[in-house]
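Here are my notes, set out as numbered points. Please read them with the model open.

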2 protein chains.
Amino acid sequence: MKMDERKQKVLMAVVQDFIATAEPVGSRTIAKKYRLGVSPATIRNEMADLEEQGYIEQPHTSAGRIPSQLGYRYYVDYLMQKKELSAEQEELIRRQFEKKVRDVGEVIQKAGQLLSHLTQYASIIISPQLGAGSFKHIQLILMRPSQAMVIVVMDNGSLHHRYIEVPESITTADMETISGVLNAKLQGLTIESIKVTLLKEIYFELARHKHILDLALELLHDLMLKKEDKIYLGGVFNMLNQPEFHNIEKVKTLLSIIEQEDLLRELLTNQGSGEGVTVRIGDEIKHREIRECSMITAPYSICGRQAGSIGVLGPTRMEYAKVVSIVESMTRNLSRAMERMILGPGK
Amino acid sequence: MKMDERKQKVLMAVVQDFIATAEPVGSRTIAKKYRLGVSPATIRNEMADLEEQGYIEQPHTSAGRIPSQLGYRYYVDYLMQKKELSAEQEELIRRQFEKKVRDVGEVIQKAGQLLSHLTQYASIIISPQLGAGSFKHIQLILMRPSQAMVIVVMDNGSLHHRYIEVPESITTADMETISGVLNAKLQGLTIESIKVTLLKEIYFELARHKHILDLALELLHDLMLKKEDKIYLGGVFNMLNQPEFHNIEKVKTLLSIIEQEDLLRELLTNQGSGEGVTVRIGDEIKHREIRECSMITAPYSICGRQAGSIGVLGPTRMEYAKVVSIVESMTRNLSRAMERMILGPGK
DNA sequence: GTTAGCACTCTATGTTGCTGAGTGCTAATG
DNA sequence: CATTAGCACTCAGCAACATAGAGTGCTAAC
């Protein structure tokens, strides 16, 4: 993997120029635009070497070179220098996150829009998985004879509900009783920490309402298993501006992938390092349908706990330097916005 | 608008054949395939007439004819005969709606997937706008010092929440008191019917907590204005199989439209008749970006009250007969499923 | 080691000509 | 008088061909 400085410069030129123009890059272009102080012929020699080592390739004999996946990887790992966001972009992000929003979904939606706007690629964001947390409040409400609603509020601010069927004889007062007992017994506990003995106690106290308890506790049980996450997607049509998607077939595969939520979730969840920005190039994304795409993802956290991830999906010919900075900045801001929302603006 | 029978048959042949093949239809084709018992020459004469009257057009001199918007309109209004769903399709729908689902969002999501699967076009569904309804339950919960959550349950089963800031001095007991008073005073009322005198009463009783009341009542107020609806979209990539979208530019406009939720909402809400299936062809959809598309929409209802709409978006060359039947059946089933979910399976 | 020069390769683009589908018109037909 | 056969005409689409130009690799000179 050792590479003398000039080779690095040539590789860098190839990658940067190809990212900018989407056209194979020739030796003349590099000599002229990137002022390496040597002639095209020399560059041709270097390029021949680089090709041999697998960093660049030639689409056909009389064309310039384009970076291979290996080439992009080398660029991202060793050559690329982070591009600071412009003041304008910083401002845009800052103002976006200052806006008043009502719920987590809205924050994320807006963040996604901004992310795809700034990068001009598709954005994918996964909403926070807060973990179940502990019970804050449980409420049963009789909606009409024989139908009720169970509401559970967790201390992390998440809210869950379910409709259940109850015997016709049940009254609003019964509901209050049940809610009262459940609240008293369960408050502050996490789902995992509910003991059988405690359950027995509850069933004993509310023996008359065994049926309702079963249903209510079923909701609690589901909470443990439930994937609360949602996938937010934006700016897919940006991708169509990229020349690599002028071919309909590619657009079709792209779209069919993008409509599969489960796949997106997997792509966003199985991140490499688990911390900081991850760049995956082409095949490094394990799904063969999206070779020719790269993903830049990063987890965001709430109060130090990893909560969800944001990501950008674009062609392998992606503006890595720019996107990495944007993703970084967005995670920071998003984390902050979430914390403010959940903990209150005090801190 | 009078048209003799043979002309109608010719027009019908042109429309049907073009819908099936996406190729301009010639006189020979019609004579051969549609057995009108006359020669191509006669059909040519009829076609010339139809063109003069604006029902069909010729892309270029040496090509067959394609239906104009007017032609499609005539076809939909007078010629098309509804195509019954196949047993298989019926079965698919029935089974889909039998599945157990947890919430309204899930029903809709599944319905959208099915709709786009059956039609092979894009599906758009707007979630129920139930109207505000009347209060069933209001609950304030202290999440941590100085932060609380307001939960409001309406009698139509909808659930709303908001985080608010409260003075540090507030205790859980205070919250219970406030909840209690609000419940007692507001239960059963609609938002509109809250009188100033009643508010005064509440403020009087809870004078100490004026600040919290303000915030809680703000949520109630927002409920009146709030658009609760969500847009669900599916099967966009089906559209790419249609030859009219082999052109990237068109795909791009299509996608950029589809990413604008507000626009979709408008398209789905401003329906013509307001009842039953509406077919809008090309320019009849008022947005110039989607000329060359048609929409088939229908409202679904819950307990007789119109709740939301479902729609199919496809090229003007759409299989109207088929899609109309599918949309009809889907609204029926969706309405039923929603009612079952909200009222409980009893009825 | 670097570079100028040159022959070579191959894509992209433009030109031309042909084919075939489809038309409109005219004159013949029942 | 509506219908139809026949025919000349039009034009998109395709294939065959020629051309231009970008870029290469090699060789020989610096």
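1. How many salt bridges are there between chain B and chain A? The count is 0. Keep in mind that this is a predicted model.

2. The two chains do share an interface. Chain B puts 43 residues in contact with 43 residues of chain A. Together the chains bury about 3,900 Å². Carbon and sulfur atoms account for 63% of that area.

3. Polar contacts are present between the chains. The count is 13 residue pairs between chain B and chain A, with both residues at pLDDT 80 or more. Several elements of chain B supply at least two residues each to the side that touches chain A. The strands are β4 (135-144), β5 (147-154) and β6 (159-165). The helices are α10 (236-239), α11 (248-258) and α13 (320-343). The most comes from β4(B), with 7 residues.

4. Next, the make-up of that side of chain B. Where it touches chain A, it has 20 nonpolar residues, 12 polar ones and 11 charged ones. Charged residues are thus present on this side of chain B, yet the count of salt bridges between chain B and chain A is 0.

5. Now DNA strand C. There are 19 residues around the strand. A:R6, A:T42, A:T61, B:S27 and B:R65 come nearest, with both protein chains represented in that list. By class, the surface near the strand has 12 polar, 4 charged and 3 nonpolar residues.

6. Which part of the strand faces the protein, sugar or phosphate, or bases? Of the atoms of DNA strand C within 4 Å of the protein, 78% belong to sugar or phosphate. The rest belong to bases.

7. Three individual distances are worth checking on screen. In the side chain of A:T42, an N or O atom is 2.4 Å from a phosphate oxygen of DNA strand C. For A:S39, a backbone N or O atom lies 3.0 Å from a phosphate oxygen of the strand. For B:S62, a backbone N or O atom is 3.4 Å from a sugar or linking oxygen. Two elements give two or more residues to the surface near the strand: α3 (40-52) of chain A and α3 (40-52) of chain B. The most comes from α3(A), with 3 residues.

8. One last residue, B:S329. Is B:S329 buried or exposed? B:S329 has a relative accessible area of 1%, so it is buried. This serine sits in helix α13 of chain B. Beyond its neighbours within four places in sequence, B:S329 is in contact with B:L85, B:E90 and B:I93.

Note on methods. Residues numbered from 1 in each chain as written. Chains lettered and ligands numbered in written order. Predicted model: local features only at pLDDT ≥ 70, side-chain atom pairs only at ≥ 80, totals over all residues. Heavy atoms only, no water. Contact = heavy atoms within 4.5 Å. Buried area = accessible area lost by both parts, 1.4 Å probe. Salt bridge = Lys/Arg side-chain N within 4 Å of Asp/Glu carboxyl O. Polar contact = N/O pair within 3.5 Å; in protein donor to acceptor, adjacent residues only side chain to side chain. Helix = DSSP H or I, 4+ residues; strand = E, 2+ residues; numbered from the N terminus. Nonpolar A, V, L, I, M, F, W, Y, C, P; charged D, E, K, R; others polar. Near = heavy atom within 4 Å. Buried < 20%, exposed > 50% of the residue type's maximum accessible area, 1.4 Å probe, protein only.
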